[in-house]
Amino acid sequence: MNRYTNHLLNSINPYIRRAYYDTMNPPQEIKPRIIYDYEILYIKSGKPTITIDSTQYNAQSGDFFFFKPRQKHSIVLNNTTLVQPHIHFDLIYQEDSSAIPVSYKPEEAMTPQELAYIRPDITDQLFSPFPSYVRLTNPLYVEQLLFDVITAYNTPELYPEIQVKWRFLRLLDQILCEITWMRSEHKNLKNERA
């Protein structure tokens with residue numbers, strides 16, 4: 001890991017905007033939209049079709065999605081109920097973090113003020129390209145970490161911001177480890193075939 005990446009990791013100070021255990025029933029869908037922040041979406045159950053930019057995924061239980069600011073995506077249900085715990089967040093807290101809403105609009109329908117809400121995407125400074133989709137090697141552990149964040153967000157204790165942040169950082173750490181393992185296995189496989 002280079003010095004720049006270390007600096008970025010030391011700068012991470014997440015702000016959790018929304019953390020929900022959510023369910024969608026057909027024919028409900030999320031039409032193509034962009035978001036201002038980041039979103040982690042975990043497929044607990046269901047088989048939605050998720051499109052990110054122009055790539056389509058036939059998602060299933062255990063799949064994990066990481067939507068980035070200004071990244072166009074949509075979710076269509078395929079006659080199944082979708083259980084989708086998810087978290088909206090800023091990776092780096094900013095003064096206006098608490099004022100930024102969750103977007104359900106396409107970019108072309110946004111006002112200049114709404115376009116100004118869009119955060120810069122810094123994930124490619126961690127991994128390039130930073131994946132938007134991961135088939136987890138250890139989905140149950142990641143699921144538990146995700147639920148810990150959602151529980152802390154929805155059941156405030158003393159110092160709720162700290163509770164939510166440290167649980168989210170544990171989740172982020174595990175996600176970064178999963179991506180590292182995935183990339184390293186892919187690299188090893190490529191080397192074996194060379």
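Mentor: Let's start with a term: accessible area here is worked out by the Shrake-Rupley method with a 1.4 Å probe. On that basis the chain exposes about 10700 Å², and carbon and sulfur atoms supply 51% of that area. Please keep in mind that this is a predicted model.

Trainee: Thanks! What makes the radius of gyration of the chain agree with that of a compact globule?

Mentor: The rule is 2.2 Å times the number of residues to the power 0.38. For 194 residues that comes out near 16 Å, and the chain has 17 Å, so the two agree. Along the principal axes, the C-alpha atoms fill a box of roughly 50 × 40 × 35 Å. Buried residues account for 45% of the chain.

Trainee: Why is Arg119 called buried?

Mentor: The cut-off for buried is under 20% relative accessible area. Arg119 has 7% relative accessibility, so the label fits. You will find Arg119 in the loop between α2 (112–116) and β11 (133–135).

Trainee: Which residues does Arg119 touch, leaving aside its neighbours within four places in sequence?

Mentor: Arg119 is in contact with Arg17, Tyr36, Asp37, Pro69, Asp90, Gln94, Asp96, Ser97 and Ile100.

Trainee: What makes the link between the side chains of Arg119 and Asp96 a polar contact?

Mentor: The pair must be N or O atoms within 3.5 Å, one able to donate a hydrogen and the other to accept it. The side chains of Arg119 and Asp96 are joined at 2.8 Å, and 2.8 Å lies within that limit, so the name applies.

Trainee: Now the strands. How do you know that β4 and β7 are paired?

Mentor: Pairing asks for at least two bridges. Strand β4 (residues 38–42) and strand β7 (residues 63–67) have 4 bridges between them, so they pass. They run antiparallel, and one of the partnerships joins Glu39 to Phe67 in β7.

Trainee: What is the order of strands in the open sheet?

Mentor: The 5 strands are ordered β1-β10-β4-β7-β11, with antiparallel pairing.

Trainee: And what makes β1 and β11 the edge strands?

Mentor: Each of them, β1 (15–20) and β11, pairs on one side only. Neighbouring strands of this sheet are turned by 15° against each other on average, direction ignored.

Trainee: Which helix packs on the sheet?

Mentor: Helix α3 (residues 139–154) does, touching β1, β4 and β10 (86–90). The direction of α3 makes about 105° with that of β1. For the wider picture, the chain has 4 helices and 11 strands.

Note on methods:
Residues are numbered from 1 along each chain as its sequence is written. This is a predicted model: local features need pLDDT of at least 70, side-chain atom pairs count only at pLDDT 80 or more; totals for chains, interfaces and linings use all residues. Side-chain values use heavy atoms; hydrogens and water are left out. Helices (H or I, at least four residues) and strands (E, at least two) are DSSP runs, numbered from the N terminus. Buried means under 20% relative accessible area, exposed over 50%, partly exposed in between (1.4 Å probe, protein chains only). Contact means heavy atoms within 4.5 Å. Axes are lines fitted to C-alpha atoms, for helices over the stretch in contact, and angles run from 0 to 180 degrees between N-to-C directions.
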